[in-house]
Amino acid sequence: MCGLTRFVWVLALLICLKNGRDGGVMALESNYQTQTRNHVRVKQVYRTGYHFQPKKNWINGPMYYKGYYHLFYQYNPKGAVWGNIVWAHSVSKDMINWIHLEPAIVPSKPYDKYGCWSGSATILPGDKPVILYTGIVDPKPAPGHQVQVYAIPANYSDPYLREWIKPDDNPFLKPTSENISAFRDPTTAWYNNGHWKIIIGSRHHHRGIAYLYRSRDFVTWVKAKHPFHSKRDTGMWECPDFYPVACKGTNGLDTSTLGKGVKHVLKNSLEVTRYEYYTIGRYNLVKDKYIPYNTTEDGWGGLRYDYGNFFGSKSFYDPSTKRRIVWSWANESSTATENIKKGWAGIQLIPRKVWLDKSGYMLLQWPISELENLRRKKVELKKMTLNKGDIVEVKGVTAVQADIEVTFTFSSLEKAELYDEKWAKFPQHDLGKSICGVRGATVQGGLGPFGLMTLASHDLKEYTPVFFRVFKTINEKYKVLLCSDATPSSLLNPNEYKPSFGGFVDVDLAEKKLSLRSLIDHSVVESFAERGKTVITSRVYPTLAINSNAHLHVFNNGYEPITIKKLNAWSMKTASMT
Ligand SMILES: *[C@@H]1O[C@H](CO)[C@@H](O)[C@H](O)[C@H]1NC(C)=O
Ligand SMILES: *[C@@H]1O[C@H](CO)[C@@H](O)[C@H](O)[C@H]1NC(C)=O
Ligand SMILES: *[C@@H]1O[C@H](CO)[C@@H](O)[C@H](O)[C@H]1NC(C)=O
Ligand SMILES: *[C@H]1O[C@@H](CO)[C@H](O)[C@@H](O)[C@@H]1NC(C)=O
């Protein structure tokens, strides 16, 4: 029951934090240079042009308040070793162009002396934001003794909310029966039955757990008798995210919304596998528990927002546009040494609007429309047929920094290769390696591979292919696989981590049509199949296809001819990050 509507619930989140390992690698010196007056432009080939990046180091974390989007992210101001994590802070009117501010929260008290880890923001009645985060009291036992802390703005009239204070009744939660070194990442609070509620990620042995806490006043919190949800063999749950989605339409819902026509989503970031999965389910108010529907697996084989470099995502509700937005961090695939050399590690992906697919079984995601303001010159292709072996360059676009939308059609499904039933037993995360990696873009197929060769060198010695391959099962069903393969991405850099990522696309091929959108930005390629049904992000480090030497091609290496019904490619302007 939405007793809640009286609150102006705006918001939101913070993206999650990484603890430990990934952050290991920061540079002491930054080697970037400032070029233009307003933009920090870096003379580095892998630095992105329109993805959010801090000047150095790695990031994670968002919220909307009085006309500004706030991004808080995990940041090590000291560089070289992981530690002393602070909440760095940037603000924006459109989530594309940013103003960097001083860190919002830094270690300053006994309870967060060793780090201010991930958490979330909630907007309380009266338009009062509160941040809940995990403080590290002691580095031992590894990865640290964890407590929950809250912070409030020092000056509510400051539109940038630059300064935050930690009231004296902190920490507001200390682990009791929970594992003291596995008790972190409080969510945005929701409100029902007279209580504010949050969940906190944890584990018990190999069981991943989201503990539920309730509070009447947002100060005193009591642990619920039963976990909100848990699942065996999933390991530590980081950055849990729980939110409602509407059964109809594409609008988002305030985090406290309940009632008919609403389903819920629970997402967890898995510390063990370093990827995330989500389920769609029911919020049982009587038991105050989340119960996933049986339409997808609740475990490692579950649905994912993204089958590539993507972790620590958080969502928030943007009341100004009625959207739910999922935002994630993407780590580097480059080595520690290379990260130190370039002076930074980690980017924030383009925020994605998220809503429930008509089937009710999965979510759809699409880059926020604000990104389109960076589109410049458009290049168009129409009704072009690609026979087996055809590779056609899309000329006239800055291939290193571009946005491409393409729709492919074909006239028959007959040539689809046979689906190997043993693949059905592979966990989702092995599909890329086992299928996309083995049957790459140049391995001839029946219906596919066809798609884009992004970040390609002029001689095609280097490229990052994003492509479809269609398979037929023994009972005449079709399976569409989307691949984003970093294997051929970096010719002169043999030691790079070059994963082949893959994900099946749940699509009806009756119309014999498949669509793809790719956002290319120097060292990242984010690809959306079928209007956001399956998404894959790859981090890549070309050595030839850099800056103006990068090219874009469309290709087909299957026996079935493929027609490009329509392709639009835009050169993308560089976003402002000051
Ligand atoms: C609070 O912020 C407003 C708006 O920026 C400013 O005018 C005012 O001086 C600030 N108050 C304090 C106490 O800093
Ligand atoms: C408690 O958490 C730590 C750190 O994640 C882990 O090593 C340990 O096995 C956990 N203990 C239990 C009982 O789950
Ligand atoms: C899923 O649950 C529904 C009822 O809620 C049931 O009819 C169906 O058989 C279940 N499916 C599976 C695969 O367990
Ligand atoms: C990102 O980096 C690669 C290569 O170093 C690792 O294999 C991944 O586990 C890592 N991903 C995350 C989420 O940390």
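Strands here are DSSP runs of E with at least two residues, numbered from the N terminus. On that basis, in this predicted model, Pro141 sits in the loop that runs between β6 (128-138) and β7 (145-153). The peptide bond between Lys140 and Pro141 is cis, with omega at about -10°. A cis bond also links Gly448 and Pro449, this time with omega at about 5°, and Pro449 belongs to strand β28 (residues 447-456).

Backbone oddities turn up in phi as well. Most residues other than glycine have a negative phi, and most peptide bonds are trans. Phe218 is not a glycine, yet its phi is positive, at about 70°. Phe218 lies in the loop between β12 (207-215) and β13 (222-223), and it counts as buried because its relative accessibility is just 5%. Asn547, again not a glycine, has a positive phi of about 40°. The loop between β34 (534-539) and β35 (551-556) is where Asn547 is found; with a relative accessible area of 37%, Asn547 is partly exposed.

Now for the ligand site. Around ligand 2 sit Ala142, Pro143, Asn179, Ser181, Ala182, Arg203, His204 and His205. Sorted by class, that shell comes out as three nonpolar, four polar and one charged residues. Which side chains bring a polar atom up to an oxygen of ligand 2? Asn179 does so at 2.4 Å, and Ser181 has a polar side-chain atom 3.4 Å from a ligand oxygen. For Arg203, an N or O atom of the side chain is 3.2 Å from an oxygen atom of ligand 2. On its own, ligand 2 has 360 Å² of accessible area, and the protein covers 65% of that.

On to the packing. In soluble globular proteins, nonpolar side chains tend to be buried together. The largest nonpolar core here contains 44 residues, and Val394, Phe468, Leu514 and Leu567 have the most contacts inside it. A second core, separate from that one, has 28 residues, with Tyr69, Leu71, Ala88 and Met95 among them. Back in the largest core, the contacts of Leu514 beyond four places in sequence include Val406, Phe408, Phe410, Phe450, Phe468 and Val470, along with Thr407 and Glu530.

What about a charged residue, Asp288: buried or exposed? With 4% relative accessibility, under the 20% cut-off, Asp288 is buried. Asp288 lies in the loop between β17 (275-284) and β18 (289-292). Its side chain makes a polar contact of 2.8 Å with the side chain of Lys197 and another of 2.9 Å with that of Arg214. Setting aside neighbours within four places in sequence, Asp288 also touches Leu212, Phe228 and Tyr283.

Two further residues round out the picture. Thr409, in strand β26 (residues 401-409), is buried at 18% relative accessibility. Outside its sequence neighbourhood of four places, Thr409 is in contact with Lys512, Lys513, Pro561, Ile562, Thr563 and Lys565. Lys433 is placed in helix α2 (residues 428-436) and is exposed, since its relative accessible area is 59%. Not counting residues up to four places away in sequence, Lys433 touches Val438 and Ser500. Between the C-alpha atoms of Lys433 and Tyr211, which are 222 residues apart along the chain, the separation is 34 Å.

Terms used
Residues are numbered from 1 along each chain as its sequence is written. Chains are lettered from A and ligands numbered from 1 in the order in which they are written. This is a predicted model: local features need pLDDT of at least 70, side-chain atom pairs count only at pLDDT 80 or more; totals for chains, interfaces and linings use all residues. Side-chain values use heavy atoms; hydrogens and water are left out. A residue is near a molecule or strand if one of its heavy atoms lies within 4 Å of it. A polar contact is a pair of N or O atoms within 3.5 Å; within protein, one must be able to donate a hydrogen and the other to accept it, and residues adjacent in sequence count only if both atoms are side-chain atoms. Accessible areas come from the Shrake-Rupley method with a 1.4 Å probe; for residues, only the protein chains shown count as cover. Ala, Val, Leu, Ile, Met, Phe, Trp, Tyr, Cys and Pro count as nonpolar, Asp, Glu, Lys and Arg as charged, and the others, Gly among them, as polar. A nonpolar core is a set of buried Ala, Val, Leu, Ile, Met, Phe, Trp, Tyr and Cys residues joined through side-chain atoms within 4.5 Å. Buried means under 20% relative accessible area, exposed over 50%, partly exposed in between (1.4 Å probe, protein chains only). Contact means heavy atoms within 4.5 Å. Helices (H or I, at least four residues) and strands (E, at least two) are DSSP runs, numbered from the N terminus.
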